[in-house]
Amino acid sequence: MQLECKISPAVFRRFAVFDTLYRQRRWRGPVLFAAIMLFFAAVCLSQVGKLEQAWLVGGILLVVGAGLPCVYFASFFLSVRSRAAQIGKNAAPAYTVQLKEDGIQVFTKKEQVEQTWEKMFFAYRLKDCICLYADPRRAYLLPLVDDSRDNEQFWSFVRAHMLAEKVKDRK
């Protein structure tokens, strides 16, 4: 089975959010930071009238605790949007993926990568693509075509060749 993979901006955005926020759970750090800072801001603000400048320290903790996580997420989403816009300008397929009985082969303009199914890290099916992770940092996206029987064939093929605990359907 072979598929020429042209990544659309929508597919890339959905994948980037999924990979960063769900799979890598990078939302935890900023949320934990905000929770800690907001807790200490509340403690300081509860001391207004009792301690000198408690409102100033509480206000600073409140602004920093809420502001930095907002900047982190805004920066992330702006970089995803910028990268998606770059991807949208490219009309050529990004790579070709060939699914074989013993593994996958990926052909790009610069390289050819071969990997066995046993060494594949993980596979996820999202709403509009299949994400094949060769390792924790490298994923190949197989965009799905609307109303195509090939979509189920590709997903069934991947599920049949990978270990069940390495396959998740997030559709």
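In the predicted model, D19 and R23 are both buried, and their side chains are joined in a salt bridge whose closest N and O atoms are 2.7 Å apart. Both residues belong to helix α1, where a spacing of four residues, about one turn of the helix, separates D19 from R23. This pair belongs to a set of salt bridges that comes to six by the rule applied here.

Helix α1 takes part in a further contact of this kind, in which the side chains of R14 and D128 meet in a salt bridge with an N to O distance of 2.3 Å. Here the partners come from distant parts of the chain, since R14 lies in helix α1 (residues 9-23) whereas D128 lies in the loop between β5 (122-125) and β6 (129-135), 114 residues apart. The two partners also fall into separate classes of accessibility: R14 counts as partly exposed because its relative accessibility is 33%, while D128 is classed as buried because its relative accessible area, 16%, is under the 20% cut-off.

Another salt bridge is formed between the side chains of E114 and K100, with 3.8 Å from N to O. This pair, too, links distant parts of the chain, with E114 placed in strand β4 (residues 112-116) and K100 in the loop between β2 (95-99) and β3 (103-107), 14 residues apart. E114 counts as exposed because its relative accessibility of 53% is over the 50% limit, whereas K100, with a relative accessible area of 23%, is partly exposed. In addition to these pairs, R125, E152 and D169 are linked in a network of salt bridges.

With regard to the overall fold, the secondary structure of the protein chain comprises four helices and eight strands, and the elements follow one another from the N terminus in the order β-α-α-α-β-β-β-β-β-β-α-β. The C-alpha trace spans about 70 × 35 × 30 Å along its principal axes. The radius of gyration of the chain is 22 Å, against a value near 16 Å for a compact globule of 171 residues. Of the 171 residues in the chain, 36% are buried.

Two groupings of side chains were identified on the surface, one of them nonpolar and the other positively charged. The nonpolar patch consists of L38, L45, V48, W55, L56, I60 and L62, which together have about 620 Å² of accessible area. Helices α2 (28-45) and α3 (54-89) are the elements that contribute two or more residues to this patch, and α3 supplies the largest share, with four residues. One of the patch members, L38, is located in helix α2 and is partly exposed, with a relative accessible area of 34%; this residue therefore meets the requirement of over 30% relative accessible area that applies to patch members.

The patch of positive charge on the surface brings together R25, R28, K168 and R170. Within this group, R170 is found in the segment after β8 (167-169), and its relative accessible area of 40% places R170 in the partly exposed class. This value is likewise over the 30% limit for patch members, so R170 satisfies the accessibility condition for inclusion.

Technical notes. Residues are numbered from 1 along each chain as its sequence is written. This is a predicted model: local features need pLDDT of at least 70, side-chain atom pairs count only at pLDDT 80 or more; totals for chains, interfaces and linings use all residues. Side-chain values use heavy atoms; hydrogens and water are left out. Patches are made of residues with over 30% relative accessible area and no salt bridge: like charges are joined within 9 Å, nonpolar side chains (Val, Leu, Ile, Met, Phe, Trp, Tyr) within 5 Å. Accessible areas come from the Shrake-Rupley method with a 1.4 Å probe; for residues, only the protein chains shown count as cover. A salt bridge is a side-chain nitrogen of Lys or Arg within 4 Å of a carboxyl oxygen of Asp or Glu. Lys and Arg count as positive and Asp and Glu as negative; His and the chain ends are not counted. The place of a charge is taken as NZ of Lys, CZ of Arg, CG of Asp or CD of Glu. Buried means under 20% relative accessible area, exposed over 50%, partly exposed in between (1.4 Å probe, protein chains only). The radius of gyration is taken over C-alpha atoms; the globule rule is 2.2 Å times the number of residues to the power 0.38.
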